[in-house]
Every structure is written in structure tokens, then in C-alpha cells.
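Reader: Could you take me on a close look at one part of this structure? I would love a connected account that I can follow on screen.

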Amino acid sequence: MAERKKPHQKYKKGQQFGLHLSVYRNPGPNKLGYLVGRNNANGVDLNRNFPDLNTYIYYNEKSGGPNHHLPLPDNWKSQVEPETRAVIRWMQSFNFVLSANLHGGAVVANYPYDRSFEHPVRGVRRPANTPTPDDKLFRKLAKVYSYAHGWMYQGWNCGDYFPDGIINGASWYSLSKGMQDFNYLHTNCFDITLELSCNKFPPQEELQREWLGNREALIQFLEEVHQGIKGTVLDENYNNLANAVISVSGINHDVTSGDHGDYFRLLLPGTYTVTAKALGFDPQTETVTVGPAEPTLSHLLNNVNYFSLQLLETENPCITKQELVNFYLKRSIPQVSSVGRAPSRRHGVGAKVQPQAARKKEMEMRQLQRGPA
Ligand SMILES: [Zn+2]
């Protein structure tokens, strides 16, 4: 059974996952009755307000720097609006696995990256397919939504055509500082953007049709949280290891374990080599075969008004086919330079990285943040 929980509520044993809904960035009329959309009281579009981490990841993809949990710029708090600050804090407070932004203005499931890797010409970046290392997975997540939706999969909507009702954000039009790129680059959360209606502000009489068109798709999207592997990273004494880095060979995007050593890695069916690393411990590698997940939820979302949803996994095993892979890391033989250094939460530096090399990379990252290309 799945339940919706408020962020401050604890997750009970046996519960499959928690679901967070955020409605505070919900477009609505202002005092004069005009629809104001996504802008806050300061007139800032909140989906163009997250720190831009794409510059760093595109650099790192070439230079071999960190591929996940990119640090925020030093002055990030002064660069973003209070609402964005609150969302970032929220994202950092839970080990979110899967999420969707619900938007309007088109009918399509849009997956990252949103920012084109092309350099801007007079402030404009040319649209270009800009896939993440998890492109196949994101395409599948987007298709799960579009094909369970009443009409999104047909592709012809609002005068646009999107094959299968999905699109890589940057190949449609390039945007910077959106939420989906941010979530993927700064947290463990895989986020897609769902454009649900041609009319950004559908009148009340259309809401019933919209709800019926989206209900099944929302449920099937939720079920995707069980597609992959999960487990706990522990030391030899069964202590939880937080911030351990879980890497899948062939996919250049790691995830980290949460405060209780729990980790979740969405993966398509297949056989994978998975390695857990933590500073001060020997890495451990396992081979795991992921089968297709089976539907387990029913009509969770009936009667829920929604505008944004976030999924949170728990450390409890569930009854789906999601593979459970626990890691028991042995403390490595101490080396003078690395003794006593706690694993870095912000950078997720793996045990294999030599401290000097890690420092050099950190310096490079910092320099890049001061003057991005
Ligand atoms: Zn949108």
C-alpha cells in the first residue's frame, strides 16, 4: 500500500514509497484577476531560477570531473528566489528518486537535458539533442507517461508534432536554470517535465477531461520508481554508510546513499556491474540483473489535485521485482593522507580518487564557477 505523506511525516516500515506533492508554484490569478503563470511576486519565472549546473557537467563530461551531485555556486542563495531556495532545501532533505514537473502550453513528455550544449550566439543557444548518460531510461520514463496518457502519445497536439509524444528538452528549445536539469545534476532525483495541455490556463470545464486523460499516466509513472535496484550500504559492523557512491558501469552518472545508507538506482531491464564506494573503504562490485517491474499500485491518485509530484523511496524492500543489492564495505588499510577524512557529501568523491587529484578537481570546479565559459 502506498500513502501520501507530508514532508515532516516519518515513513512507516513496510511502506513502499512516499509521495510528495508541491502546489506552491501553482499558476493562478493575481489580485487584478490576470493569470500570472509561473512568476513569483518579484516577477521571476521560478522554472528559470535554479543554479545552472549544466556548464559544469558539460565540462566534466569532457574532462572527467564529478558526474553527479555537482556543488552549488558559493553565492547561490543570493542568486535565487526564496521559493527556489525552499525547493532546493526540500530536494536536499529527502532522498528523492523520481519526480515530474507538471506544466502547460503543449502536450508532450519532456526529458533532460533542457539546456543545449551549444554555445550561445547573441544570447541564444541553438536547439540540439543533448542527452544525459541516462538517456534510454529517461526516454522510457517519458514514454510510460505519454502512452498511458489519453492522447499525448499520438504526437500531434497543439499544432506541434512530437514522435511518441516525447522530446529531449534541448532539442525542442534550449532553456537554462530549469528544475529537471538541476534535479538530475544536484540530487539523486530523476525529473521529467510533463506539458499537459495546449492551453496553459485551462478553464474549469476542461479540468475533468484533463484529469481523466492524465490519471492512468500518473499512476504508471509512479510505478516506475520500482524499476531498478536498491539496497543499503553498510560497513563491516553493519553501520549505515551515508554518501557512499553507487556507480553503474557504462552509465556516467552515479547516485549516492542517503542518511541511512539507503540507495536507489533506476535502471532499465538488463545486467549491470554495480560498484559501491566510500572514502576510507574498499570498493565492492556486484553483478546484478534487473527484470521488468510489475504494476503494484492501484488508483492512488483518485481525487488528488496535482501540479507537481515528487517520489521518495524508503529503505524497506517491496514486493515488486526491483532488485535488492546490499553492500558491505570493508575499511581499507589506512593511508596517511586519507585517514580521518570524512566522505565529501557535496562532491561524492569516490574512494578510488587520490586526495591530491580530488583537490585539483575541486579547484578546477571552483575556478569554473567563478568564470564559466
Ligand atoms: Zn513547460
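**Strand 10 and its neighbours**

Author: Happy to! Let us begin at a turn: strand 10 and strand 11 form a hairpin with 2 residues between them, and glycine 250 in that turn has a positive phi of about 95°. Keep in mind as you look that this is a predicted model. Strand 10 covers residues 245-248, and strand 11 covers residues 251-256. The two pair in the antiparallel sense over 3 bridges, with threonine 256 in strand 11 as the bridge partner of valine 245.

Now look at the side chains of strand 10. Val245 and Ser247 point one way, while Ile246 and Val248 point the other way. Whichever way they point, all of these residues are buried.

Strand 10 also pairs with strand 13 (residues 270-277): the two run antiparallel and are joined by 4 bridges. Here you can find serine 247 opposite threonine 275 of strand 13.

From strand 13 we can step onward to strand 14 (residues 284-290), which runs antiparallel to strand 13 and is joined to it by 7 bridges. Valine 274 stands opposite glutamate 286 of strand 14. These two strands form a hairpin as well, with 6 residues between them. In its turn sits glycine 280, with a positive phi of about 95°.

So, to retrace the path: strand 11 pairs with strand 10, strand 10 is joined to strand 13, and strand 13 is joined to strand 14.

Technical notes
Residues are numbered from 1 along each chain as its sequence is written. This is a predicted model: local features need pLDDT of at least 70, side-chain atom pairs count only at pLDDT 80 or more; totals for chains, interfaces and linings use all residues. Side-chain values use heavy atoms; hydrogens and water are left out. Buried means under 20% relative accessible area, exposed over 50%, partly exposed in between (1.4 Å probe, protein chains only). Two strands pair if DSSP finds at least two bridges between them.
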